[in-house]
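Q: Could you take me through one part of this structure in detail? I'd like to understand a single strand and the surroundings it sits in.

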Amino acid sequence: MNGARILLGVCGGIAAYKAAALTSRLVQRGHVLDVILTDEAQRFIAPLTFAALTRRTVYTSLWENGAAIPHIVLARENALVAIVPATAHTIARIALGLADDLLANVALATRAPLLLAPAMNTAMLEHPATRTHLATLRERGATIVEPESGFLAEREYGAGRLADEETLVRDIERILGRMRELAGERVLITAGPTREVIDPVRFLSNASTGTTGIEIAREALARGAAVDLVLGPTQVPPPVGAELVRVTTAAEMYAAALARAPVATIAVATAAVADWRPAQAFDEKVKKSAEPQTIALKRNPDILAALGERKNGTFLVGFAAETSDVEASARLKLTHKHLDAIAVNDVSGGAGFGTGDNALALLFGTDGRIDLGRSSKRELAARFWDALAVVRGTGG
Ligand SMILES: Cc1cc2nc3c(=O)[nH]c(=O)nc-3n(C[C@H](O)[C@H](O)[C@H](O)COP(=O)(O)O)c2cc1C
């Protein structure tokens with residue numbers, strides 16, 4: 001692969017010496033490395049080693065360079081921040097957002113993907129504090145390269161040895177490769193519920209939080225795409241970097257999505273659009289004292305079908321939440337609405353809604369199917385784009 005700018009953070013652990021070999025390997029593979037050593041890392045290995053290997057300045061302090069603000073420049077200029085080895089202390093600092101040295105500041109200030117390779121004594125690794133901090137970082141999208149079991153510095157066998165060099169290089173380059181995968185693509189994503197007005201304070205809606213679409217948008221951005229996100233009412237924050245269009249009703253979502261569709265190379269319709277709206281919306285709040293109302297409903301426009309009818313080279317992916325005959329109904333939608341793929345989840349029993357886990361499968365062609373398994377919506381978003389690369393024939 002082509003060389004990338006990588007920021008390597010080295011912490012104070014026995015495995016710090018292995019970071020030098022990794023640096024050499026990454027430089028030989030054409031990458032340009034900026035190295036930051038924590039104060040404690042310098043007790044184990046000298047900055048000079050990394051300066052010689054990278055032929056670049058090695059950074060050790062937040063305070064050493066007056067002209068440029070080092071943590072902001074380093075955070076912006078690098079495509080990936082890799083912390084190898086990551087100590088229990090630094091893992092905790094980053095999970096908690098404590099910015100008390102250059103490396104922790106960069107980890108907080110960067111929008112680049114973060115990779116951490118923990119290495120430590122088994123008891124430290126298994127301590128609930130460390131496990132919780134690693135889970136927090138993973139949940140935020142960081143890649144944790146799991147340590148191996150092996151002979152540790154304390155002359156005993158156990159989990160906690162730094163992952164081997166091959167694994168680290170592979171994981172680093174996998175992230176860098178992914179980041180370019182959607183470069184040049186313009187992705188249109190609809191997400192969230194819609195609200196169909198009954199009166200000024202009442203509406204019909206559904207349990208969607210938009211999390212799946214928001215995570216798919218975040219991942220598309222991370223892989224280099226430009227993203228138009230048409231988002232219904234939700235409290236879940238959208239990702240930074242997307243062109244955001246906030247809408248409320250299905251009619252607004254229809255207009256916003258169709259306006260942006262002609263420039264989209266990929267469109268992913270995850271929104272839980274209300275199929276019907278009240279035939280009549282009251283201008284005034286309907287009084288409690290009024291007779292119970294019967295709400296007559298009118299059909300909303302079908303956004304996905306409209307996108308399918310008008311698509312002109314756009315790769316169109318629908319989402320189907322079904323409670324029965326899941327695969328059969330999804331396959332009907334796939335053909336009737338001219339979709340290129342459809343992601344299905346079985347929402348019987350309420351699964352799939354909210355911010356928790358979900359399970360998805362991607363259907364395409366006459367009988368193509370890729371199971372994405374059950375996982376957090378963030379992880380599923382990564383698997384979704386991996387699978388789509390296979391379906392579109394651009395990867396895998
Ligand atoms: C000999 C020695 C070896 C150490 N090895 C590790 C280690 O492998 N992993 C770890 O998390 N901490 C290790 N520590 C503890 C860290 O050096 C200590 O927590 C330090 O504050 C980490 O600072 P940093 O995270 O800013 O680099 C070791 C300490 C000593 C004295």
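A: Happy to, and what follows starts at one strand and works outward to the sheet and the domains. Please keep in mind that this is a predicted model.

Let's begin with strand β5, which covers residues 114–118. Five of its five residues are buried, so the strand counts as mostly covered, by the cut-off of 20 or more other C-beta atoms within 10 Å of a residue's own. You can check this face by face. On one side sit Leu114, Leu116 and Pro118, and on the other Leu115 and Ala117; all of them are buried, which leaves both faces of β5 covered.

Next, look at the strands beside it. Strand β4 (residues 80–86) runs parallel to β5, and four bridges join the two. One pair to find on your screen is Ala86 with its bridge partner in β5, Pro118. Strand β6 (residues 143–144) also pairs with β5 in the parallel sense, here over two bridges. Two contacts are worth picking out there: Leu116 stands opposite Ile144 in β6, and Leu115 has Thr143 of β6 as its bridge partner.

Now step back to the sheet as a whole. It is an open sheet of six strands with parallel pairing, in the order β3-β2-β1-β4-β5-β6. The edges are taken by β3 (58–59) and β6; each has a single partner strand, so one side of each is left without a neighbour in the sheet. Helices pack on this sheet too. Helix α1 (residues 16–28) touches β1 (5–10), β2 (32–37) and β4, and its direction makes about 170 degrees with that of β1. Helix α2 (residues 47–54) packs on the sheet as well, touching β2 and β3, with its direction at about 175 degrees to that of β2.

Finally, the wider setting. The chain is divided into domain 1 (5–180) and domain 2 (182–391), and the C-alpha centres of the two lie 37 Å apart. Their contact takes seven residues from domain 1 and seven residues from domain 2. On the side of domain 1 that touches domain 2, helix α8 (residues 165–181) gives the most, with three residues. The residues of that side divide into two nonpolar, one polar and four charged.

Conventions
Residues numbered from 1 in each chain as written. Predicted model: local features only at pLDDT ≥ 70, side-chain atom pairs only at ≥ 80, totals over all residues. Buried ≥ 20, exposed ≤ 12 C-beta atoms within 10 Å, placed from the backbone. Pairing = 2+ DSSP bridges. Domains from an automatic or database assignment. Contact = placed C-beta atoms within 7 Å. Nonpolar A, V, L, I, M, F, W, Y, C, P; charged D, E, K, R; others polar. Axes fitted to C-alpha atoms, helices over the stretch in contact; angles between N-to-C directions.
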